[in-house]
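This briefing concerns two ligand sites in one structure. The sequence and the model are shown first, and the notes on each site follow.

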Amino acid sequence: MKFPPSSRNWITIIGSLIAVLNFLLIIVLFIISTIFNKSNTNLGLFIYIILPGFLLLGLIMILLGMVISRRKLRKASEEEKRQLPVINLNNPRHRKAFIIFTIATIIFLFLSTYGSFEAYHITESVEFCGTLCHKVMEPEYTAYQNSPHANVTCVECHVGSGASWYVKSKISGLYQVYATLTKTYPSPIETPLHDLRPARETCERCHWPQKFYARTLQSNRYYLADSLNSEWDVMLQMKIGPEHSSLGFNEGIHWHINPSVNIEYISENDKREIITYVRYINKETGEVTVFRNPDYPVSDSLIGAANSRTMDCIDCHNRPSHNYNSPSVYFNKAMLTGAISKDIPFMKKVAMGLLRNTFPDKDTALTQIREDIISYYKSDVGDYYTKNSDQIDKSVIAIQNAFSQNTFPRMKVTYDVYPDHIGHLESEGCFRCHNDAFISESGQKITRDCNLCHTIVGQGKPGMMQFTNIRDTFEFRHPVDIGTIWKESNCSECHKYLY
Ligand code: HEC
Ligand code: HEC
Ligand code: HEC
Ligand code: HEC
Ligand code: HEC
Ligand code: HEC
């Protein structure tokens, strides 16, 4: 084979190498994907997009090199032309070198194919996302493992399928690696994520809106901070959808994701916590209703300039996976399962007095939790501790475990830094809009009516519970007497600061 003289330059030679290598890689990957039947979109990304990209780069380099060297050759046609070394396979030294080179290339090819295949899988794994930068992602990784999505990988929500989001995520990943190495990341990591992939393309792959949900029954159990850790139960019939699921989105909580409903809002500093303006567009009739909150007046120029957000799953389900519980919630759960003993007097009160503190790091927190609880029972209740030390020690361990799963002092992560927008007890949640303060020009309110989203079908202390017929509802009874304040103020106004 004879190559034209213009091809004898380094750009062309390197370009040819790149092209040939990538071509072989593509073939090998293609064979692998066929043999092992791994026909997922992401391997396809390699075979059909990334490697061909490099192949193209190689081809461009070949041409570029030839053009440049041709110009040079023309200019220097009088000068002596430099030739590349001649490889003569009849020469034993040349032959040996050639064989070694070939074998090395094949091994290299094989390894790099295997390597890029594996590397790709690794970058998509939960372990990679959750533990590589151990300190930074520890809160998410820990909370995630205790969530309903523990078997859904991080990338299924954060990246989704398809090439463009994969590339986008790897580019922003490079910046994240830089931020981790230089320790310039914020702690806690900022929320909300403004560039999260739209829920339509992630959540809806598994929870398609055409799969309607009907009403469900939710039982909640609480323990009060009194001497008996008194139990209080509330049973709610959640109106997620209509009474009959086949009625679709016409009413109920998931009415917001009805395709003909469009709810846009503006929030302070785009944080989605304090909502200042809501616009509901009925896409079927074209009717537009604007709700304003007199406590947060917004000017028309600001409305024009602000980034309004269209409500989707994430505006309610903002913590579907890594969700951090408040001390009260994780304590109640642990007492419910018996991990913390109900028989220890004032157990909840003592724990609540402690768990809301800020601790410099986890070890200090765990030590302090242990010492404070034990010293309380040693000093305040006389010989109670000596008689019940087993029970108290067991409960302390349960509290420490629950604390470690929900609070991360190093990254300054607590439940109130990352509030959950479902509900309204400890953060405003639904009451960000449903607060009776938002009012339209025609006087319509975004209501806080207790029966809009759920009915109360049972409440009270065990043994003294009131129950009602499933089509009826009780007026809410607050577990401790606070008069009628709960009717006027949002629950979170007290509950955010309760303990
Ligand atoms: C079921 C879907 C889902 C899974 C699985 C998931 N996330 Fe998220 N994650 C979200 C959503 C939704 C947000 C956006 C919250 C917001 O913007 O209000 C988010 C936000 C984040 C944030 C920003 C801080 C915050 O909490 O708002 C980090 C960091 C994060 N996720 C890391 C992870 C890691 C690491 C994993 C895997 C161990 C993971 N996520 C798994 C849905 C998910
Ligand atoms: C890869 C599939 C998958 C994706 C993507 C996914 N989910 Fe899920 N989701 C599940 C599975 C599986 C369950 C558990 C179902 C069960 O236990 O019945 C679940 C449960 C839920 C639940 C009920 C939780 C509970 O407490 O029982 C909610 C709410 C939810 N997902 C919301 C979301 C949101 C919001 C997103 C997008 C940010 C999302 N999911 C993305 C598969 C997925
Ligand atoms: C961004 C503002 C906003 C948020 C946040 C919000 N909603 Fe709404 N919601 C609205 C608006 C606007 C309406 C329509 C009010 C009207 O037309 O009277 C509405 C209506 C409803 C309805 C009545 C639907 C029907 O017609 O049957 C329910 C139920 C509801 N919301 C539940 C919730 C729940 C539960 C949450 C929290 C998880 C929530 N909403 C959060 C704005 C919001
Ligand atoms: C207006 C707020 C709101 C929006 C928007 C919203 N949800 Fe929900 N969703 C809820 C509430 C409230 C519940 C009941 C939660 C509970 O009982 O703890 C719920 C329940 C669910 C459940 C569990 C159903 C069951 O039977 O247990 C799934 C799954 C779910 N939502 C998925 C989604 C998906 C996917 C989207 C977006 C397409 C979405 N939701 C949009 C408020 C919302
Ligand atoms: C806009 C919808 C909406 C309105 C209005 C509303 N709630 Fe709720 N409420 C919810 C949702 C959603 C939850 C479920 C939270 C969860 O699953 O964690 C909830 C939970 C509760 C709980 C259980 C508390 C918890 O989180 O453990 C009580 C009690 C309650 N609501 C009482 C009330 C009372 C009293 C009113 C009237 C002042 C009211 N709700 C108005 C949506 C609403
Ligand atoms: C004036 C302040 C205040 C307001 C407003 C308020 N609460 Fe409470 N709440 C309390 C106090 C105090 C307790 C008792 C705490 C204890 O003994 O552990 C309590 C306890 C509770 C408990 C059981 C304790 C637990 O483990 O979380 C529930 C449930 C509850 N409140 C629901 C509500 C709901 C729902 C609203 C809004 C409709 C509301 N509260 C409004 C002060 C308030």
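A site with six donors counts as octahedral if opposite donors are over 155 degrees apart and all others lie between 65 and 115 degrees. In this predicted model, the iron atom of ligand 1 has six donor atoms with angles of 86 to 180 degrees among them, and its site is octahedral. The points below take this iron site, the surroundings of ligand 1 and the surroundings of ligand 6 in turn.

**Iron site of ligand 1**

- The protein donors of the iron atom are the NE2 atoms of His158 and His322, lying 1.9 Å from it.
- Because His158 lies in helix α6 and His322 in the loop between α10 (313–316) and α11 (327–336), the pair ties together parts that are 164 residues apart in sequence.
- His158 counts as partly exposed, because its relative accessibility is 37%.

**Surroundings of ligand 1**

- There are 22 residues around ligand 1, of which Cys154, Cys157, His158, Thr191 and His322 come nearest.
- By class, the shell holds 13 nonpolar, seven polar and two charged residues.
- Helices α5 (134–145) and α6 (154–158) each supply at least two residues of this shell, and α5 gives the most, with four.
- A nitrogen atom of ligand 1 lies 2.8 Å from a polar side-chain atom of His158.
- Oxygen atoms of the ligand take part in further pairs: one is 2.8 Å from a polar backbone atom of Leu193, and a polar side-chain atom of Arg319 lies 2.9 Å from an oxygen atom.
- Ligand 1 lies between domain 2 (126–196) and domain 3 (216–320 + 419–495), because both give residues to its shell.

**Surroundings of ligand 6**

- Around ligand 6 there are 21 residues, and His478, Cys491, Cys494, His495 and Tyr499 come nearest.
- Nitrogen atoms of ligand 6 pair with two histidine side chains: the distance to an N or O atom is 2.7 Å for His478 and 2.8 Å for His495.
- The side chain of Asn332 has an N or O atom 3.0 Å from an oxygen atom of ligand 6.
- The elements that give two or more residues to this shell are β1 (216–223), α11, α15 (485–488) and α16 (491–495).
- Helix α16 gives the most to the shell around ligand 6, with three residues.
- The shell is made up of 15 nonpolar, five polar and one charged residues.
- Domain 3 (216–320 + 419–495) and domain 4 (327–411) both give residues to the shell, so ligand 6 lies between them.

Terms used
Residues numbered from 1 in each chain as written. Chains lettered and ligands numbered in written order. Predicted model: local features only at pLDDT ≥ 70, side-chain atom pairs only at ≥ 80, totals over all residues. Heavy atoms only, no water. Near = heavy atom within 4 Å. Polar contact = N/O pair within 3.5 Å; in protein donor to acceptor, adjacent residues only side chain to side chain. Nonpolar A, V, L, I, M, F, W, Y, C, P; charged D, E, K, R; others polar. Domains from an automatic or database assignment. Donors = N, O, S within 2.8 Å, 3.2 Å for Na, K, Ca; no water. Tetrahedral: all angles 85-135°; square planar, octahedral: opposite > 155°, others 65-115°. Buried < 20%, exposed > 50% of the residue type's maximum accessible area, 1.4 Å probe, protein only.
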